[in-house]
Amino acid sequence: MSQPLLKVVDLFCERDERTLFDGLAFTLAAGELMQIEGANGSGKTTLLRILSGLSNDFEGEIYWRGELIAKMRDEFLSSMLYFGHQPGVKGMLTPVENLQWYSAIHPALSEEKILAALDAVGLKGYEDVPCHSLSAGQNRRVSLARLYMNTAKLWILDEPFTAIDKRGVAAKEKWLAGHVAAGGSVILTTHHDLTSCGPVTKINLDQLMGT
Ligand SMILES: Nc1ncnc2c1ncn2[C@@H]1O[C@H](COP(=O)(O)OP(=O)(O)OP(=O)(O)O)[C@@H](O)[C@H]1O
């Protein structure tokens, strides 16, 4: 069997003296999509922040391609896209300007690719409107356009479909399915039922909650 992309061993995390998970272990293969489930406050966001390197407040080990992430952080970070709760969109900038800013700290992207990404998320015609004049769902779409511009192997997505309408969700699910079919991997949280992503591995944090 080929080596997993990501391997989590004996992960323990507590917040406010409450154990969120203890002994959490799983592997994620290339081409696998994993959904983290659990009640509000069960630790889904906390887990995704740990996996993406944004939080070090945990015990246990996380491996990327067989090596401890802590020992090859730069390589891991360049292979991973994290999409957090906040859209991370600057209101004073237009969608095009936001994505230009994003592409400046990532592999440079042509304006053509940025416009294609905005078209793909349904924002054709809004390219030059300041984001503070867009709706919550449209701002979320600007942020999601990063997925259409990114070549990272692993996508870690926290509630990517929040504020997105039904048609938008179906289109994004297809995009995730395409990423996975091309050998990429996805770990996400969502309260939506995933219907168009293909096989989904599920981990439920409620069953791992301490007392
Ligand atoms: N920085 C922090 N300091 C202290 N406690 C925190 C911190 N971040 C989260 N928590 C606590 O950890 C628990 C898990 O929070 P988390 O945001 O991971 O849950 P969640 O499963 O993502 O919830 P939701 O479905 O509501 O988004 C909560 O009880 C929260 O209060």
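In the predicted model, V8 has I62 of β4 as its bridge partner. This pair belongs to a more extended pairing, in which strand β1 (residues 6–15) and strand β4 (residues 59–64) run in the antiparallel sense and are joined over five bridges. Helix α1, comprising residues 44–51, packs on the sheet and touches β1, β2 and β4, its direction making about 130° with that of β1.

The sheet itself is open and is formed by four strands in the order β2-β1-β4-β5, with antiparallel pairing. Because β2 (18–28) and β5 (67–68) each have a single partner strand, they stand at the edges, and one side of each is left without a neighbour in the sheet.

The shell around the ligand includes R15, D16 and L20, together with G38 and the run formed by N40, G41, S42, G43, K44, T45 and T46. Helix α1 contributes three residues to this shell, which is the largest share. By residue class, the shell divides into seven polar residues, three charged residues and one nonpolar residue.

Elsewhere in the chain, R141 is located in helix α5, which spans residues 136–144. R141 counts as buried because 27 C-beta neighbours lie inside 10 Å, the threshold for this class being 20 or more. When neighbours within four places in sequence are left aside, the contacts of R141 are with V121, G122, L123, I164 and G168. For one of these residues, I164, the C-alpha to C-alpha separation from R141 is 7.5 Å in space, while the two residues are 23 residues apart in sequence.

Definitions and conventions: Residues numbered from 1 in each chain as written. Predicted model: local features only at pLDDT ≥ 70, side-chain atom pairs only at ≥ 80, totals over all residues. Pairing = 2+ DSSP bridges. Helix = DSSP H or I, 4+ residues; strand = E, 2+ residues; numbered from the N terminus. Contact = placed C-beta atoms within 7 Å. Axes fitted to C-alpha atoms, helices over the stretch in contact; angles between N-to-C directions. Buried ≥ 20, exposed ≤ 12 C-beta atoms within 10 Å, placed from the backbone. Near = placed C-beta within 6 Å. Nonpolar A, V, L, I, M, F, W, Y, C, P; charged D, E, K, R; others polar.
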